[in-house]
Amino acid sequence: MKGSTVLEVGADGVGVIAIINPPLNLLTYDGIDDNEVVKLTWQVDWTGANGKFSAGFDVTAFGGSQERKGAPPHTSPDLSSPLTWDNVLAARKPLAAAIDGPAFGGGLEIALACHARVATSNAQLGLPELQYGIIPGLGGTQRCPRLVGLPKALEMMLMSKRVSGKVAQSLCLVDAIAPADGLLSTARCWALDILQCRKPWIVSLYKTDKLEPLAEARMILTLARIQMRKQAPNLTHPLVCIDVVEEGIVSGPRSALWKEAEALHELRQSYTCRSLVHFFFAKNGTSKIPGISDTGLQPRKVCKIAILGGGPMGSGIARVFILSNYRVILKEVNKNCLLAGIGRIKSNLQSHVNKGKMTQEKLKTSLSLLKGVLDYDCFTDVDLVIESHLRPVHVMPFLKIVRTRRTSLQVIVDLLDVGKKIKKTSIVVGNCTALQSAGCSSLTQTPMLLVEHGADLYQIDQAITNFGMPMGPFRMVDLVGFGVAIATGIQFLENFPDRTYKSNLISVMKEDKREGESTCKGFYMYDDKHNASPDPDIVKFVEKARTMSHVMVDTKLRNLSDGDIVEMIFFPVVNEACRILAEGVVVKASDLDIASVMSMGFPSYRGGILFWANSLGSRYICSKLEDWSKQYGKIFKPCAYLTECASKGTSLVTEMKQTTYPSSSSRM
Ligand SMILES: CCCCCCCCCCCCC/C=C/C(=O)SCCNC(=O)CCNC(=O)[C@H](O)C(C)(C)COP(=O)(O)OP(=O)(O)OC[C@H]1O[C@@H](n2cnc3c(N)ncnc32)[C@H](O)[C@@H]1OP(=O)(O)O
């Protein structure tokens, strides 16, 4: 059995139940025997072994990927535990939770169900279930609002916001703070005090003092729905969560527990849940590289970083590192540039302080780690040198570690460790100078081809935005600027002439002094607040480009559905991903899922580009690409890997047999 709970009754008559499932005391369906709790005769403490309360449920149990041992079949909601759990609480035994380390999801829900909670100040508490396409399923939707009030509870659930033990106490999510070495004794005393009426016996499920009056509560819930519909128009589970919270306020918490269990039962079998669970493990798995991370190599200590260039990019990188407590040397070519770079860092950090995101003390400490130089004298004991790039990548949550045949395994292990310390998701790739530009280029080329052949530019952008991308391809080109789009296009053309569509649209628009958002005119017009609106003049540029490309309007493309547009735009991107995978530029398919989400903005709730493609099937994608390649050219020609998967009907994500690590292929 994965994990267990151990019950020890002390001389004081207090039974302590420890959740034991190292390293994170994850809960599993068969890991906690509800009956153990029910048969207890005295007050009880809940705690987690090895200083970690519980990081929550083992999410492999969701997404339909794993049947609960002995669980009822997926035909009926599993109402046993949440309700059993509620009966336990009614069994007149005071329960106190002793929380250290992570208390997330189901782990925190168990603690919320106790009659008191004692935590260390650095404990981390959260209800991140919505990150997995589900909702809290052990009463969290009812108990959290009754402990902290509706607005804070909704923020914790809908934004998966985590709080420290100290903040939790200020919210009344936790009753007391204790040092780690006194945590259990404090919780034991608390349970005894409840039993002997020295402390209140609070059943959080029936608490009402923190709940807003009905009319105010309804207003809060309505605003939350509006925000969620705007923020995540394609997701239903946030709205389901709000509905379950409302059910408890309107009809009472007990009936809402049923609604919560039924909702969880449905959601945990959804494609969204499967995709988000895949994304979670794919993200966690990028640093697990056979032959590198399993060699026993330990990362060397990296203390001092040198950054060449203090422009927006270099100063951004410097800021990331000093905030992660690295000493940073910022080198510039002259004093003015250096002062400008350091000034950028100072003003950015100060704005964090002004927004309450950082203390003045942290700002001072961080700046003390920064040293500006105009020469290389201080470089003798530097551990890592970074040359800043043109593109604004420091804000990306994603770190691409490009490995050539001459890169040592030790250096990769060092860089993976640095990536983790600066809170980036690192992916080791072959010498593919612009992994994402392969995707981005095919993400811009096809839209240009479709428009020149008659499709509506603004319909394309709307369809791609509705699919879940942050914006459509034409809006994206305006944002990055025509210069970057042209440079990426040229790079793609140089590397892959046989599958590049040479559009004339951008060059025709540049003649009209259009560069995108920076010139307030591109594919859209922009007002002084950078609000974009369609430009009726676009038609004339499209006509001119069409003539120059000697292209005729294809009436089929004038009547494309949004679904057709999504397929015609993303199937070539899938094709490029298959090529990158087949060439061994990445170690595993899931790395490309992470790259598509973190560098292209592909929706994580679809699992990433290849996970999504796999749900459609290689045969379907290949046949569509074959058809389009006959009508519109080689840009759509399916690659050998995709064709092979289609012919065998195999999954696109069967891991490539890596004999070497990411190859230093000729790709961009
Ligand atoms: C008493 C009644 C019991 C009832 C039983 C039936 C009830 C009915 C169903 C009820 C369902 C309720 C709904 C609840 C849902 C949840 O709880 S969702 C999960 C919530 N938890 C999280 O989101 C935590 C996610 N993890 C993290 O944030 C981090 O892991 C950490 C906790 C901050 C620790 O970080 P770190 O020390 O860096 O470790 P990692 O490398 O991240 O992780 C170590 C390995 O553990 C794997 N892992 C982590 N969390 C989970 C998880 N929740 N599920 C599965 N696996 C997890 C992670 O992938 C790592 O794996 P390896 O890479 O293989 O080592």
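Start by selecting Pro200, which sits in the loop between helix 7 (183–195) and helix 8 (214–231); helices here are DSSP runs of H or I with at least four residues, strands are runs of E with at least two, and both are numbered from the N terminus. You are looking at a predicted model, in which local features need pLDDT of at least 70, side-chain atom pairs count only at pLDDT 80 or more, and totals for chains, interfaces and linings use all residues. Residues are numbered from 1 along each chain as its sequence is written, and side-chain values use heavy atoms, with hydrogens and water left out.

Keep Pro200 on screen: this residue is exposed, at a relative accessible area of 53% (buried is under 20%, exposed over 50%, partly exposed in between, with a 1.4 Å probe and protein chains only). Now add His115, which is 85 residues from Pro200 in sequence but 8.5 Å away in space, C-alpha to C-alpha.

Next, colour two spans that come from an unreviewed UniProt entry. Residues 304–388 are listed there as "domain: 3-hydroxyacyl-CoA dehydrogenase NAD binding". That span is 48% helix and 21% strand, and its end C-alpha atoms lie 16 Å apart. Residues 448–526 are listed as "domain: 3-hydroxyacyl-CoA dehydrogenase C-terminal"; here the figures are 56% helix and 4% strand, with 21 Å between the end C-alpha atoms.

Time for the cysteines. Counting pairs of cysteine sulfur atoms within 2.5 Å as disulfides, the model has zero. Select Cys378 to see this: its nearest cysteine sulfur, that of Cys303, is 16 Å away. Cys520 is partly exposed, at a relative accessible area of 35%.

Move on to helix 24, residues 589–600. Its twelve residues reach 16 Å from first C-alpha to last, close to the 16 Å expected (1.5 Å times one less than the number of residues). Twelve of the twelve are buried, among them Asp591, Asp593 and Met600. Just after the helix comes Gly601, with a positive phi near 85°.

From Met600, step into the second largest cavity, whose lining also includes Leu443, Ile464, Pro473 and Phe570. A cavity is a set of points on a 1 Å grid over the protein atoms alone where a 1.4 Å probe fits but cannot get out, and lining residues have an atom within 4 Å of a point. This one has a volume of about 60 Å³, and is one of four cavities of 30 Å³ or more. Which kinds of residue make up its lining? Eight are nonpolar, one is polar and none is charged.

Technical notes:
1 Å grid on protein atoms, 1.4 Å probe; cavity = no way out; pocket = protein on both sides within 12 Å on 5 of 7 lines; lining within 4 Å. Points joined across faces, edges and corners; volume = space filled by probe spheres on them. Nonpolar A, V, L, I, M, F, W, Y, C, P; charged D, E, K, R; others polar. UniProt positions renumbered as here; feature names shortened; annotations may be inferred.
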